[in-house]
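This report walks through a multi-chain model, from its confidence scores to its chains, a shared interface and some local details. Please keep the sequence and the structure in view while reading.

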Amino acid sequence: MIRLERRADLPRWLNWAIPIGSILAALVAGSVLILASGNSPFSTYSRIIDRAFVSSGAFSATLIAATPLLFTGLAASAAFKMGVFNIGGQGQYVMGSISASAVGLAWGESLGKGVIPLMIMAAIVAGAAWAGIAGALRAYLSTNEIITSLMLNYIAANLGSWLIFNSRSYWRLLTGSGLMFPQGKRLPETSDWPLLGLGSVSVPFGFLVGMVFAAGTYVLYRHTRFGFEVEIIGDSPAAASYAGMRTRRKVLAVMAISGALAGVGGASDVGDFRHILDPKGLGQSGYGYTGIVIAALARLNPIAVIVVAVFMGGLDNAGRALQGPGFPAGLVGTLQGLVLFFALGGEILARYRIRRAHHRIAGPVASALAPGTDSPGGGRP
Amino acid sequence: MNANLFVVIAVSAIYYGTPVLFAGLGEVLTERSGVLNLGVEGMMLLGAVSASWCSARVGGPGWLVLALSVLLGMAAGALGALIHAFAVITLRVNQTVSGLALTILAGAAGFSSYLANVWELKNPVRHQFGKLDVLGLKDAPVLGPLLFNQTLLTYLSWVLVAACSWYLFRTRAGLHLRAVGESPQTADAMGINVVRTRYVHTLIGGAFAGIGGVCFSLSIVPTWQDGMTAGRGWIAIALVIFGFWRPDLTMVGAYLFGAFASLSLTLQARGVKVAPQLLDSLPYVMTIVVLVMVSGGWAKRRLGAPAALGIPYEREER
Amino acid sequence: MSTPTLPPPAPPAVLMSGITKRFPGVLANDDVSFEIRPGEVHALLGENGAGKSTLVNVLIGLYRPDAGTVQLDGTRVELSSPGDAIAHGIGMVHQHFRLVPTFTVTENIILGRQGPLKLRDAEERIRALGEQFGLAVDPTAKVWQLSVGEQQRVEILKTLERDAKILILDEPTAVLTPQEAHALFDTLRSMVAGGRSVVFISHKLDEVMAVSDRVTVLRDGRNVGTVETAATSQRDLARMMVGRDVVFSADDVEDRPAIDHDRVVLRTVDLHADDARGRRALRGVDLEVHAGEIVAVCGVAGNGQRELAEVICGTRRRLKGQVLIDGRPTVGTDPRELIALGVAHIPEDRLHTGLSPSASVEHNLVLKSYRHAPASSGPFLNHRYIRRNAGELIERFDIKTPGPQTPTRLLSGGNVQKVLLAREMTGTPILLVAASPTRGLDVGAIEVVRGLLLDAARRGLGVLLITEDLEEGIALSDRIVVMYEGQVAGVVPRGAADVIEIGLLMGGKA
């Protein structure tokens with residue numbers, strides 16, 4: 001049996017050692033799986049690294065894959081910081097992309113690139129509103145936000161799919177091939193978000209926007225009264241209301257911020273990559289859920305979310321590029337899951353010391369054999 | 001509504017409701033012990049892929065292969081649950097995050113898909129659960145198709161609903177389980193092993209979710225597809241709340257869900273046009289409504305939400 | 001101090017020897033030996049933090065000691081889980097009851113037993129047992145519907161139903177009136193008369209003298225000595241417990257604060273409020289606190305004292321009545337209003353309500369002032385001021401912390417309370433509402449906190465001191481207000497304080 005003992009203090013180096021250690025441990029565990037499937041872990045991993053970060057165009061593709069994750073990761077970390085478990089990032093992402101594509105379709109031609117900020121604004125409103133449903137229920141009726149935000153994911157997915165497959169909506173292509181196969185209307189090219197060249201790497205505009213939002217979230221949570229209140233409410237709601245903080249409003253506000261961040265991810269989805277409303281593709285992506293994993297790996301730090309999103313995006317990108325014989329689908333997801341579990345375990349390692357608990361410490365054997373020697377607890381100070 | 005339409009809807013309600021019923025029952029037991037496992041979707045897929053492999057690759061008489069498939073599916077689901085149990089019970093990792101991690105690890109783009117690839121599960125399974133004709137009564141009016149023409153898995157689910165109800169409310173082990181979910185401190189002081197109770201019921205929950213997955217791969221969609229459970233794991237979690245943490249009401253919820261899931265097809269076949277997404281959304285909306293209704297301390301106490309749900313138990317802390 | 005020299009007539013019911021138990025940073029039990037004879041009430045006396053709870057938690061199998069052995073009736077046993085202890089006939093009534101609120105009395109009592117579930121039979125058995133020992137409760141009632149006293153009976157029935165030979169009670173009178181406590185003592189005496197042993201944990205000397213046959217005193221995790229109750233006195237026990245002669249008393253307070261009778265800093269008129277469960281907790285409370293005056297509110301826990309403090313400080317909604325601060329009426333729905341009016345508040349749950357446990361010391365020190373300059377300007381925090389403010393207060397109040405950024409929960413109880421007091425006393429408060437401000441602190445910290453309360457009154461604040469410790473109330477206050485069932489049962493001025501009279505008021509008997 002294993003027992004845990006709370007550490008009194010948290011050594012600084014663990015902040016770095018945990019994520020890196022957990023990634024290494026996950027790679028080792030993953031290599032067992034790869035070996036079992038008759039492949040060489042070394043060549044598999046080097047192919048992943050090559051296709052994720054090294055080979056020509058790989059990093060650009062990785063940034064594309066990382067952009068949605070950056071937003072959903074920020075969304076999750078913004079809410080989890082206050083102990084509000086918004087797992088509705090997926091639905092808020094979908095709502096963001098529905099509203100941004102509506103704006104793009106409506107004003108893309110007339111406004112040119114000027115439509116981009118409008119798309120972002122629309123996505124912020126839609127994402128915040130969608131998350132606000134769960135937020136308001138939690139704040140004013142103390143309804144568990146985990147389940148409500150989750151349920152809202154499916155409702156949003158159904159809404160998206162209805163717009164394209166079962167209605168004659170504004171988003172749907174009702175001419176040409178659209179009559180045969182239900183699909184979304186292509187947004188005018190003027191509403192496409194630019195790719196910015198940075199040497200050989202092209203950076204999606206959405207990724208830059210995400211970095212700005214990450215910095216903004218960081219400042220908001222670290223340097224403002226709002227962030228102070230979020231810290232206190234997240235740690236002890238009783239202390240917060242004792243000090244006169246408006247905890248309900250904050251729950252709603254944090255939920256809305258979180259939803260807005262996920263929503264902008266949806267706008268970037270339309271503006272940067274898909275350029276149509278594609279409910280099926282959105283559904284399969286699962287960005288909202290991966291975002292939670294990213295937030296956890298980044299230990300809810302918005303700046304670290306950028307790094308982790310690029311890492312996970314790299315895995316996704318490589319997984320997609322390499323899929324085929326000798327590279328089973330699902331390997332990348334498995335690796336991501338393993339990294340997360342090892343990181344979660346490592347997090348505990350940081351907060352606790354692990355002791356092997358021996359059932360018979362006080363028993364006759366221990367005391368008879370070893371009078372005066374330290375009991376097998378070991379690592380105590 | 002004429003009797004015929006009712007029967008058609010009820011039959012498909014049972015058909016689509018059975019997998020979520022299994023998974024929901026398992027989650028009821030898990031949550032009753034105070035552990036929230038959001039990894040149901042992943043565990044269902046693990047169960048589905050293992051059973052799929054067993055049915056495709058293991059030789060022998062059909063009944064034996066099917067039995068083995070179910071057992072293997074249960075074992076796979078329980079194995080997934082074991083990861084979660086270790087993380088949240090022993091390491092006291094946040095239960096929400098761990099459950100999501102399990103879904104990512106095992107889910108549609110994760111380990112279940114990896115296994116299916118490695119095992120090359122491309123063809124339809126060789127054995128699957130067909131509908132039985134019990135006592136030759138399948139054509140009896142109304143009750144025939146409902147009660148006497150189901151798959152073995154459905155009959156198994158009915159047995160499990162009764163067994164779980166009895167276990168939870170009529171046995172000492174059930175009393176202890178509920179005590180662990182309500183107040184682990186009290187249970188511990190009374191000599192009940194909190195850690196073991198939570199492990200056992202998290203694993204049982206995983207095994208049940210595994211059977212839920214088997215329903216998909218050996219009955220509903222007999223050819224492997226990545227992510228074939230299509231989000232039903234989340235429905236199972238909602239069902240637990242919808243059913244107030246009770247097996248019998250969970251069954252009602254599962255069949256309601258099944259009815260809604262199939263209603264649009266049924267109605268369409270009869271020329272009634274309803275957007276399927278609207279009907280699909282109803283179970284989710286209903287879950288939110290129920291959740292709002294049970295919010296607040298009084299209702300929770302009456303309706304059975306385990307008081308210690310989601311809270312790690314730590315004995316030796318000062 | 002030595003253990004008794006006479007050999008016990010029979011093997012001791014319990015013999016714990018050389019028990020050592022460490023927690024990170026704390027040596028909770030240091031080579032403690034402890035013996036209980038059959039048929040005795042044995043008091044375990046000690047200040048908070050002396051190691052009493054740790055020792056009994058070892059005996060009930062909840063903690064495993066790092067060293068030491070336990071013998072029952074002369075046989076060595078291993079108690080590696082509460083189940084083991086129960087099987088060996090050891091039963092415990094915890095201070096915080098171990099009951100499942102949603103279960104019935106019967107379900108709670110039979111919890112953890114084996115065999116088929118026969119609730120009807122068990123109900124009958126429990127009814128009979130209750131009648132036999134004078135512990136009447138309805139076996140079919142849900143526990144959350146019971147009063148605190150009834151819940152304690154359920155706890156005792158639980159041990160009796162398991163035929164416990166050794167019954168441990170942890171501060172059982174904290175939730176009882178003096179009269180109820182005496183009824184409990186009678187029950188305990190009848191139990192030991194039947195050959196059982198009772199371990200009675202307390203830090204109240206008079207109770208220990210009244211109920212026990214022998215007393216073991218713990219201090220700083222060590223056994224200071226075991227004495228026959230008949231051969232000792234309260235004074236001797238006090239010296240053993242504290243390690244010196246001085247016990248804080250009313251006589252120690254020199255230059256008592258001067259009361260400004262013309263300035264009423266707090267007046268409540270006909271206050272009504274519900275508790276967290278929606279039951280009526282306050283039924284028309286009228287009281288006054290003058291500037292420079294300390295008013296103690298005494299009573300058995302759960303008679304509305306907590307709610308009174310919360311209503312005054314705006315963290316609980318009042319249903320009816322008025323709260324006037326310095327003559328000004330308040331709305332009373334927003335703690336900010338009261339903070340702005342100069343009401344300082346030390347809540348009962350200081351670490352989780354008064355402070356944010358995981359937040360840093362420096363953040364906790366601006367928990368109420370962060371909204372305004374200089375702690376913040378516009379929407380932004382002024383980190384530099386926050387750090388400087390922490391440095392000053394840490395020095396002025398002698399707060400022992402590794403640094404201003406240390407999470408507050410890592411501090412010792414006394415220093416946690418100092419952080420809270422330091423913050424509440426900054427600015428210009430006119431009223432201090434302190435709920436059980438010394439509970440759970442060690443002796444040194446208690447004196448510091450009491451000193452700070454007196455200082456506050458000397459500065460001209462009115463102090464409303466809510467305490468369950470009658471001695472503390474008598475020693476510190478100018479007037480004692482006794483609460484019973486949400487009403488003021490009586491007001492006793494300083495000098496006229498008589499423990500028996502107050503006890504009767506606390507039990508609603510006057």
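Helices, as counted here, are DSSP runs of H or I with at least four residues, and strands are runs of E with at least two, numbered from the N terminus. By that count chain B has 14 helices and zero strands.

## Confidence of the model

The model is predicted, and the predictor gives the complex an ipTM of 0.85 together with a pTM of 0.83. For chain C the mean pLDDT is 87, and 94% of the residues of that chain reach 70 or more.

## Chain B as a whole

Along its sequence, chain B reads as α-α-α-α-α-α-α-α-α-α-α-α-α-α. Its C-alpha atoms fill a box of roughly 65 × 45 × 40 Å when the principal axes are used. A compact globule of 318 residues would be expected to have a radius of gyration near 20 Å, and chain B, with 20 Å, agrees with that expectation.

Of the 318 residues of chain B, 58% count as buried. Among the contacts in chain B that join residues at least 6 apart in sequence, 77% link residues at least 24 apart.

Helix α10 of chain B covers residues 194-220, and its 27 residues, at 1.5 Å a residue, should span 39 Å; the C-alpha atoms at its ends are 38 Å apart, which agrees. This helix is mostly covered, since 23 of the 27 residues of α10(B) are buried.

## Where chain B meets chain A

At the interface, 44 residues of chain B are in contact with 41 residues of chain A. On the chain B side, at least two residues each come from α3 (62-90), α4 (95-106), α5 (111-118), α11 (232-242) and α13 (276-294). The helix that gives the most to this side is α13(B), with 10 residues. By residue type, the side of chain B that touches chain A divides into 25 nonpolar, 15 polar and four charged residues.

## Chain A and a buried glycine

Chain A has 16 helices and four strands, and buried residues make up 55% of its 381 residues. When contacts in chain A with a separation of 6 or more are considered, residues 24 or more positions apart account for 75% of them.

One position to inspect in chain A is A:G210, which lies in helix α8 (residues 205-223). Is A:G210 buried or exposed? A residue counts as buried when 20 or more other C-beta atoms lie within 10 Å of its own, and A:G210 has 27 C-beta neighbours inside 10 Å, so it counts as buried. Leaving aside neighbours within four places in sequence, A:G210 is in contact with A:T67, A:L70, A:F71 and A:L74. Of these partners, A:T67 is 143 residues away along the chain, yet the C-alpha atoms of A:G210 and A:T67 are separated by 7.2 Å.

## Two hairpins

In chain A, strands β2 (residues 195-198) and β3 (residues 201-204) run antiparallel and are joined by four bridges, with A:L198 standing opposite A:V201. The two strands form a hairpin with two residues between them, and A:G199 in the turn has a positive phi of about 65°.

In chain C, six bridges join the antiparallel strands β21 (residues 479-484) and β22 (residues 487-493), and C:R479 stands opposite C:P493 of β22(C). Here too the strands β21(C) and β22(C) form a hairpin with two residues between them, and C:E485 in the turn has a positive phi of about 50°.

Conventions. Residues numbered from 1 in each chain as written. Chains lettered and ligands numbered in written order. Predicted model: local features only at pLDDT ≥ 70, side-chain atom pairs only at ≥ 80, totals over all residues. Pairing = 2+ DSSP bridges. Expected span 1.5 Å × (residues − 1). Buried ≥ 20, exposed ≤ 12 C-beta atoms within 10 Å, placed from the backbone. Contact = placed C-beta atoms within 7 Å. Nonpolar A, V, L, I, M, F, W, Y, C, P; charged D, E, K, R; others polar. Rg over C-alpha atoms; globule rule 2.2 N^0.38 Å. pLDDT = per-residue confidence, 0-100.
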